[in-house]
Amino acid sequence: MAILKVARMGHPILRAKALPIPPDQILTAPVQRLIDDMFETMREYSGIGLAAPQVHSGLRVFVAGLREGDVGQTVPDDGEMPFMALINPELTMVGEVTDEGWEGCLSIPHIRGLVPRAPGVRVQAFDRTGKRVTFTATGLPARVIQHENDHLDGVLFFDRMRSFESLAFLEEHRRFRAEDEE
């Protein structure tokens, strides 16, 4: 496994629409190696999600999660999102896009902003074994899945913000806004 270079805001790959992975290619060594390397890169940079365009690959796959575990029919907002690799995901929003929450991005280091997202999401995708999976996620996992899926369409979290007034460097966010979240 390898730690991959993360594309930063301004690189054209972050604004391009990623290409689907043919299902018969999911189990190939290059795709499996990419997924392994993405998990390693995500952990190295203390991320909770990472999309292929962020590591200079124009494929429709992202990894996410905080711990080992199975992705069942639901992924609740318990703060312990299981590791997942989602290939060619299709999302259906559950609820109105009204829940504002703080987001950051490995491609926009040290910046946070308030982003509106749907409180839940229904996911259909292939997992890394080529199996078709369907599940619903709520809360933080739903937010992460929506954020990473946006990367597959060339969308950054700045594009979803209603206002840039909440933008803050991570250090300032921790100093001045962390108490607002408690």
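In the predicted model, Glu-100 has Pro-116 in β6 as its bridge partner. A further bridge partner in β6 is Ile-108, which is matched with Cys-105. In total, six bridges join β5 to β6, and the two strands run antiparallel. The two strands form a hairpin, with two residues between them. Strand β5 covers residues 99-105 and strand β6 covers residues 108-117.

The hairpin strands belong to an open sheet of three strands, in the order β5-β6-β9 and with antiparallel pairing. The edges of this sheet are taken by β5 and β9 (168-169); each has a single partner strand, so one side of each is left without a neighbour in the sheet. Strands of a sheet pair through backbone hydrogen bonds, in either a parallel or an antiparallel manner.

Pairing was also found among β2, β4 and β7. Strand β2 (residues 61-64) pairs with strand β4 (residues 84-94) in the antiparallel sense, over four bridges. Within this pair, Val-61 stands opposite Ile-87 of β4. Strand β4 is also joined to strand β7 (residues 120-126) by six bridges, and these two strands run antiparallel. Here Leu-91 stands opposite Val-123 of β7.

Ile-87 also serves as a reference point for Pro-20. Pro-20 lies in the segment before α1. The two residues are 67 residues apart in sequence, yet their C-alpha atoms are 7.9 Å apart in space. With neighbours within four places in sequence left aside, Pro-20 is in contact with Arg-60 and Asn-88. Pro-20 counts as exposed because its relative accessibility is 53%, and the cut-off for exposed is over 50%.

The largest pocket holds about 770 Å³ of space. Its lining is made up of 27 residues, of which Ser-46, Ile-48, Gly-104, Cys-105 and Arg-112 are the closest to the pocket centre. Several elements contribute to this lining: β5, β6, α2 (139-152) and α4 (170-176) each supply at least two residues. Helix α2 gives the most, with six residues. Both strands of the hairpin described above, β5 and β6, are thus represented in the lining of the largest pocket. Cys-105, which has Ile-108 as its bridge partner, is among the residues closest to the centre of the pocket. Empty space of this kind is revealed by rolling a probe the size of a water molecule over the atoms.

Cys-105 is also one of the residues touched by Gln-54. Gln-54 is placed in the loop between β1 (49-51) and β2. With residues up to four places away in sequence not counted, Gln-54 touches Lys-5, Val-6, Ala-7, Leu-14, Cys-105, Leu-106, Ser-107, Glu-148 and His-151. Gln-54 has a relative accessibility of 1% and therefore counts as buried, the cut-off being under 20%.

A second glutamine, Gln-32, is found in helix α1 (residues 29-44). Gln-32 is likewise buried, with a relative accessible area of 17%. Its contacts, residues up to four places away in sequence not being counted, are with Ile-26, Leu-27 and Arg-128. Gln-32 and Ile-48 are 16 residues apart in sequence, and the distance between their C-alpha atoms is 19 Å. Ile-48 is one of the residues closest to the centre of the largest pocket.

A search of the whole structure for aromatic pairs finds three. Phe-157 and Phe-158 form an edge-to-face pair, with 5.0 Å from centre to centre and 85 degrees between the planes. The pair counts as edge-to-face because the angle between the planes is 85 degrees, and the cut-off for this class is over 60. Both members of the pair are buried: Phe-157 has a relative accessible area of 2%, and Phe-158 has a relative accessibility of 18%. Ring pairs link Phe-157 and Phe-158 with Phe-164 into a cluster.

Two phenylalanine rings are overlain by the charged end of an arginine. The charged end of Arg-43 sits over the ring of Phe-83, at 4.7 Å from the ring centre. In the other case, the charged end of Arg-132 sits over the ring of Phe-126, at 4.8 Å from the ring centre.

Definitions and conventions: Residues numbered from 1 in each chain as written. Predicted model: local features only at pLDDT ≥ 70, side-chain atom pairs only at ≥ 80, totals over all residues. Heavy atoms only, no water. Phe/Tyr/Trp six-rings, centres within 6.5 Å; stacked < 30°, edge-to-face > 60°. Buried < 20%, exposed > 50% of the residue type's maximum accessible area, 1.4 Å probe, protein only. Lys NZ or Arg CZ within 6 Å of the ring centre and 35° of its normal. Pairing = 2+ DSSP bridges. Contact = heavy atoms within 4.5 Å. 1 Å grid on protein atoms, 1.4 Å probe; cavity = no way out; pocket = protein on both sides within 12 Å on 5 of 7 lines; lining within 4 Å. Points joined across faces, edges and corners; volume = space filled by probe spheres on them.
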